[in-house]
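User: I'm a first-year student and this is my go at reading a protein model. Please start with a word I'll need, then I'll fire off questions.

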Amino acid sequence: MTQPVLKIRNLSKRFPVGGGRVVHAVNCVDLSIMPGETLGMVGESGSGKSTLGRVILRLLEPSEGSIEFDGQDITQLPKGQIRRLRRDMQMVFQDPWSALNPRMRIRDLIAEPIKLHVDLSRSERDDRTEDLARRVNLGSTYLNRYPANLSGGQLQRACIARAIATDPKLIVLDEPTSSLDLSVRAGILELLAEIREETKAAMLFISHDLGTVRMISDRIAVLYLGEVVEQGQTEALFETPAHPYTQALLSAHLPADPAFKVSRLVLEGEVPSPIALPTGCKFHTRCPVAIARCAREVPQAIQVPSGQQAGCLRIPNGGNIIERKEDV
Amino acid sequence: MTLLKVEDLHTHFISRDLDNQICIAKALNGVSFSLEAGRVLGIVGETGAGKSLTAQSIVGLLRPPAKIVAGSVRFEGRELTDMPDAELNRIRGNNIAMVVQNPRTSLDPLTRVGDQLVRLHQIHSGGPKTASHKRALEMMEAVGLPDPESRAKSWPHELSGGMAQRVLLAMALMNSPKLLIADEPTTGLDVTVQAQILDLLRSLVARFDMATLIITHDLGVVAHFCNDIAVMFGGSIVETGSVRDVFAAPAHPYTRDLIAATPERFQMGRAKALGGQPPDLYNLPSGCVLQSRCAYATELCQTTVRNAEVAEGHFALCHYAGRLEEQPAVKINA
Ligand SMILES: Nc1ncnc2c1ncn2[C@@H]1O[C@H](COP(=O)(O)OP(=O)(O)OP(=O)(O)O)[C@@H](O)[C@H]1O
Ligand SMILES: Nc1ncnc2c1ncn2[C@@H]1O[C@H](COP(=O)(O)OP(=O)(O)O)[C@@H](O)[C@H]1O
Ligand code: SF4
Ligand code: SF4
Ligand SMILES: [Mg+2]
Ligand SMILES: [Mg+2]
């Protein structure tokens, strides 16, 4: 049987913020990603998506739990050895402007990871750099420019070229298209899909945009207050969401098509602070179908008939399905 | 009478460069549209298309070096572009309200929320202070702020993003405006909170019979919350019409690309046809602003384009509007 590229168990990340208070950014997360698979991670602002991505890459130290990458436990791996791992796990960030050193030319920025991780002669490296630029559809005229002279979409292409330069096994993409205009976004998504086909790299695709995530992901994990409340195959999760939060999140999404009827479940209130997490089920303060037990008992993830895993106490008797309002 | 009528509006940024040469960025190039009471118009377009600038030009909140150089903005038949400041201020407070993108920076950090609402009502509507206070509580209630009495005593920093946006909406409603302009009212809010604010906005529009202009880059918001759509590109409205008509049969090449790029319609393999550089506002081409990246562009496109009515109430700013498919001429970007 094939091994997952990434397997995380019971992973938590807490940030002390003074006055004895603690931000519980990521709480007891279990996830795995198979080779070549794209896992989409969705959640609202502050749900812990970026933090989880950074902990996985060991850009942040986990507070608890384990991270296994390519069969190796890297939770405790010393910094020096992590550097070597970077060749196999890369990252693309939301904001391409701040991700690139403004004083380096695009050519050198793309060549940088090759220089660090791959043993190539200078001319081989130059060839590889040009190949990469071509691969991400960045014209060779841009190679001699500085980041300030490229558009957001072009910069993101340069970032992607850097991320694939070392043929990584896993690429973590944190909102790679969120800062880009719609028409530019489409091009980047298409590029990522092509690259996935060619390189068979696994991807963790973080985004708050459900439409985008649906397009690119094989599987999806939904985060609420640092917890995975539901995960499963993309279509199953979109067609028959089991967790009440997933149902509400999906129904709040407005498809860009007036012919598409939306029946909305509007949640009350806002996401509680991750400093004072609710007891029991973390969603109980906003859940339209919460019962008294929900404030006391922490739900365990269970498999639902459509195949996803979801953590809601009411799944066994079907009480997890929220009644819809009239179509609007 | 049309409530708001914007005609051929041109707004430029006029500055001098290092060599003291005058530079002109032509940011709005002949924007025209109108809006009736009870209607919701959505303006969409990519960053820099001129959406916010259109709003600022209408309400007279342009900051130098931006300047309206031509065109007209009529509100209830009265011209706003050459109105004296004092009078314009009065209209802005009483009849036109604006909600901007970042709720936090639009609230006075040193004044309690309730007092800000009362102050606004006092300036424009006058009357006894107790009446203003009562109105403030009513409006806070209307925008769904729980427990208005105690919320009125909150400081702005104590509010979450969603609550701050509700307070801004309450502020906008204080003087019963006839026109509400909301610039990216839900950008930056969580999707579940965005849903709350949009629902609220729609019920308020119906309840107070306001005309509403929503500026957004989110086509989903337009598809489900607006009656009409205006698509902006390079400082021009390139297509307008009812939301249903435009989504069903987009007539302008830019609108077609925009709709084709949404996750709902996007087909892998099509992306290379989409996108491209925004036009250089300092050096606009003569003729159509889209010509350098339009798949249908021909030599004719270098000449002035006129708005063509492709169906009743549905307009597109393109030489080939309504006949893109049968367009025979040689394409210049092929
Ligand atoms: N260095 C830090 N110190 C304290 N708290 C932090 C730190 N980094 C993140 N947090 C908190 O952890 C929680 C999760 O943050 P994270 O950035 O992972 O959210 P996210 O899901 O990526 O949100 P967004 O969609 O806004 O990017 C938030 O409440 C955030 O404020
Ligand atoms: N001070 C300025 N000088 C020159 N151009 C400017 C200035 N401020 C804004 N612009 C340009 O005006 C155009 C319209 O801006 P805006 O209305 O804010 O766009 P959006 O559609 O994103 O709201 C943009 O191309 C922007 O770059
Ligand atoms: S466990 Fe209770 S509160 Fe949590 S999602 Fe299920 S029903 Fe709602
Ligand atoms: S006028 Fe020409 S360049 Fe402009 S949108 Fe129409 S076909 Fe394209
Ligand atoms: Mg983030
Ligand atoms: Mg704007």
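Analyst: Okay, "buried" means under 20% relative accessible area, "exposed" means over 50%, and "partly exposed" is in between (1.4 Å probe, protein chains only). This is a predicted model, where local features need pLDDT of at least 70 and side-chain atom pairs count only at pLDDT 80 or more, while totals for chains, interfaces and linings use all residues. Residues are numbered from 1 along each chain as its sequence is written, chains are lettered from A and ligands numbered from 1 in the order written, and side-chain values use heavy atoms, leaving out hydrogens and water.

User: Why does B:His319 count as buried?

Analyst: B:His319 lies in the segment after strand E12 (314-317) of chain B. (Strands, E, at least two residues, and helices, H or I, at least four, are DSSP runs numbered from the N terminus.) B:His319 counts as buried because its relative accessibility is just 19%.

User: Which residue's backbone oxygen does the side chain of B:His319 reach at 2.9 Å?

Analyst: We're after a polar contact: a pair of N or O atoms within 3.5 Å; within protein, one must be able to donate a hydrogen and the other to accept it, and residues adjacent in sequence count only if both atoms are side-chain atoms. A polar atom of the B:His319 side chain is 3.2 Å from the backbone oxygen of B:Leu300. At 2.9 Å, the side chain reaches the backbone oxygen of B:Thr303.

User: Which helix gives the most to the largest nonpolar core?

Analyst: A nonpolar core is a set of buried Ala, Val, Leu, Ile, Met, Phe, Trp, Tyr and Cys residues joined through side-chain atoms within 4.5 Å. The largest one has 75 residues, and B:Val143 and B:Phe247 are among those touching the most other members. Giving 9 residues, the top contributor is chain B's helix H6 (residues 161-173).

User: How much of ligand 1 does the protein bury?

Analyst: An oxygen atom of ligand 1 is 2.5 Å from a side-chain N or O atom of A:Thr51, and another polar contact, at 2.8 Å, involves the backbone of A:Gly46. Taken alone, ligand 1 exposes 640 Å² (Shrake-Rupley method, 1.4 Å probe), and the share the protein buries is 63%.

User: Which element gives the most residues to the shell around ligand 1?

Analyst: Strand E2 (22-33) and helix H1 (49-56) of chain A each give two or more residues to that shell. With 3 residues, the biggest giver is H1(A).
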